[in-house]
Amino acid sequence: MTINTRAVETSTTAQPLDILALYRTMVTARVTNDLLKTRKTQGRFPFYIGCAGHESMAAVVAALDESDWLSLYYRDLAAWLQRTGDIYGPLREAYSRTTGPMGAGRNMPSHYSSKRQRILPTFSEVGALGPFAGGVGFSLQRHQSKELIMYTAGDGGVATNDFNALFRQVAVHKLPVLIVVEDNGWAITAASSIQWGGRLVDWARGGGVYAEEVDGTDTMATYEATTRLVEHIRSGQGPVLMHLRLGLLDAHSSSTDIKSYRKKEEIEHTTATKDPVKNFGRWLVEHGNIQEEDIERIRKEVRAELERAESQVLQEPEPTAERVMQYVIEVPEWRENTPRGARRQSTMLAAINEALAELAERDPYFFVYGQDVGSPKGGVFGATSTLVTKFTDRAISSPLNEQLIVGIAAGAGMIDGKARCAEIQFVDYHQSAAQTIRLAARILYQNYGDWHVPLLIRTKSGSGGGGPISSSTVGGGAYGHSNTGEQWFTTIPGMITICPATPFDAKGLLLEAARAQSPVTFLERGRLYRSEPPKDSHGNIIAAIAEYWNVPDGYYTLPIGKARRLRIGEGPSSVAIICWGTMVLEACTAAADIVNREGGAIEVVDLRTLAPFDEEAVAAAVREANRVIVVTEEADLTSFGRHVHSWIVQNCFYDLDGTPAFISALPAPAAPYNAPEEIAFYPTAKTIEAKIEELLEE
Ligand SMILES: Cc1ncc(C[n+]2csc(CCOP(=O)(O)OP(=O)(O)O)c2C)c(N)n1
């Protein structure tokens, strides 16, 4: 192999390789590793996980362009140094200093991250950046960029669902992604032979991704291979998997005893043959680039430099307890606006179609990604049919994998700060994406505000069928098609959860949700897609809510975190009903029937946003009525409804004249398919009416 170490081939985009600088970076990684390992042993901080044996990753990064994106894992200190040149960062994070560039001392050491340097935020969850990295690649491809993203994982990481979601993303869409598997032979105590069958490169090639095995203990071979493979990607030939053979020179982490699971001979053999720093030093001497004695001189210089840096870092401020709630969530500040377009009576489905078309109109890179969404039908419910008709290629059908779907939208939004929309066909099936969703919501906190994930997840939720439960036939959605969703999403710190009840709110809130820099889950109740306004038992439309079936043309937004207070009847309210989604319609029917019979007024508080919910509106409604019912379509287990109920007990106790009531579906897995059981499962207007009567008699 010949490598021009001053200028690479003209066809490549990487900077000319400075081999002495590369060597110094690798030595810096090793010396930092050894320093931090010792400091951990001295009890100076709680944890360290090192890079020894993986330093040739500096050569991989050297073969990339500075504008390329990196998705690293915890062994990639050398990659960090090669990209950033920042020797302070790893020390700052180990010592938890507020100056730490990766999380301001909030995350464990070795969790590389920097928005400025285009390094995605490493998770402790092995492999978990995979779906996000695919999303970045997807966005680069849509922007017709020459940039690519490199994603790394260990051999253990290859077995994760996240890695497999990434693999399918890159293979199906031919994304500009370089996947580097850093195979050091171990995943804690597990040998790599249990992570996959056959040869990894055969597996990858069989799946449509070009793959090569590379000796990562040979730095120049690693550089040469990466340069070639990067050209393969940039020339439009599709993604690449590089299976990099390495050795692990230390124990898994500071919490592992190497001798407890590895044989002495194997450790000695690995140390003697698989040390990339030693091998590269020898290569440089053999090729006359340095003298033998330079090796120790460089090591000593680097050590002295690091000790000076460490002394400075130790003077820097440590986090204080007061900041513990900073950067949990960012709810957009609503800009007051009056809808100007002509109003037309509409369905929620039409309103959602309009909102998505508005977003596409305003942002040339906005897209909806999900199962069947690009078909002429516009997804199984037709929410993207306007997009499909009016905008080419903005509703994109995905493989059947919810984690893959969420990853595409999440990663794509991260690099340009604009919300991209994932559609999950039925909320029940979000479960395979649960980890990616939770992590998307955690990133802001984990990285102390450095990275945002403007991810918009839309999903059909709630009981099957059309219209309010009280006025229609049964749904038959059963398991897999009728869960509500809020019991999952509202427990995720950092996640905004919205559940509109009317077409007007659906459009305005969806448009506002696309402005959020924190992830949003938008729960669309299937029953409400085509529902008309609710009626009382005599068939009269309930005017107080019916007006929200009139939807203005064009763009308007509604505030996230604000409830809508609906007064049914005249005068002060005698009961406040706290609800959302389909239950708003049921509550209105119940309230109208009581008020028609007995006069007075009942207040229905439609939360609209569930997380964060409008505590002020709830407290004000309770203060006025002194009686309250929380109604939820969720099963009666630990639900969002229970959370609101508990919040009222804790915060509004002295405003209550009676026990705060709670109505929910039954504590069973989901609504059964057959009619008698389904009807028995859900609360309806009748259930609510009976509870109101009970409260009024108390
Ligand atoms: C999803 C997940 N499962 C389990 C763990 C615990 N764990 C931390 S590191 C690790 C081994 C990872 O092995 P590999 O990907 O081969 O990387 P290596 O440490 O060998 O470089 C495990 C199981 C984790 N962090 N994440």
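Helices are DSSP runs of H or I with at least four residues, numbered from the N terminus. In this predicted model, helix α15 is followed by Tyr448, whose phi is positive, near 50°.

Helix α15 covers residues 434-446. At 1.5 Å a residue, its 13 residues should span 18 Å. The end C-alpha atoms are 18 Å apart, so the expected span and the model agree. The helix nevertheless bends, by about 30°, at Ala440. Ala440 is also one of the buried residues of α15. The others are Thr436, Ile437, Leu439, Ala441, Ile443, Leu444 and Gln446. Several elements cover these buried residues. Among them are the helices α5 (130-142), α6 (161-173), α14 (402-416) and α16 (486-489). Strand β12 (455-461) is also included in this cover.

A second buried site lies in helix α8, which runs over residues 219-237 and holds Thr226. Thr226 has a relative accessibility of 0%. Buried means under 20%, so Thr226 counts as buried. Beyond its neighbours within four places in sequence, Thr226 is in contact with Val60, Ala63, Leu178 and Met242.

Ala665 gives a buried position in a strand. The residue lies in β21, residues 661-665. Its relative accessible area is 1%, and Ala665 is therefore buried. Residues up to four places away in sequence are again set aside for its contacts. Ala665 then touches Thr632, Glu633, Glu634, Ala635 and Asp636. It also touches Phe681, Tyr682 and Pro683. Thr684 is 19 residues from Ala665 along the chain, and the C-alpha atoms of the two are separated by 9.4 Å.

The surface offers another view. Val649, Phe653 and Tyr654 form a nonpolar patch there. Together the three residues have about 390 Å² of accessible area. Val649 belongs to helix α21, residues 640-652. Its relative accessible area is 35%, which means that Val649 is partly exposed.

Asp34 is likewise partly exposed, because its relative accessible area of 30% falls between the cut-offs of 20% and 50%. The residue lies in helix α1, residues 19-41. Asp34 and Thr484 are 450 residues apart in sequence. In space, their C-alpha atoms are 51 Å apart.

How values were computed: Residues numbered from 1 in each chain as written. Predicted model: local features only at pLDDT ≥ 70, side-chain atom pairs only at ≥ 80, totals over all residues. Heavy atoms only, no water. Patch = residues over 30% accessible without salt bridge, like charges linked within 9 Å, V, L, I, M, F, W, Y side chains within 5 Å. Areas by Shrake-Rupley, 256 points an atom, 1.4 Å probe, with all protein chains shown as cover. Salt bridge = Lys/Arg side-chain N within 4 Å of Asp/Glu carboxyl O. Helix = DSSP H or I, 4+ residues; strand = E, 2+ residues; numbered from the N terminus. Buried < 20%, exposed > 50% of the residue type's maximum accessible area, 1.4 Å probe, protein only. Contact = heavy atoms within 4.5 Å. Expected span 1.5 Å × (residues − 1). Bend = angle between axes of the 7 residues up to and from the residue.
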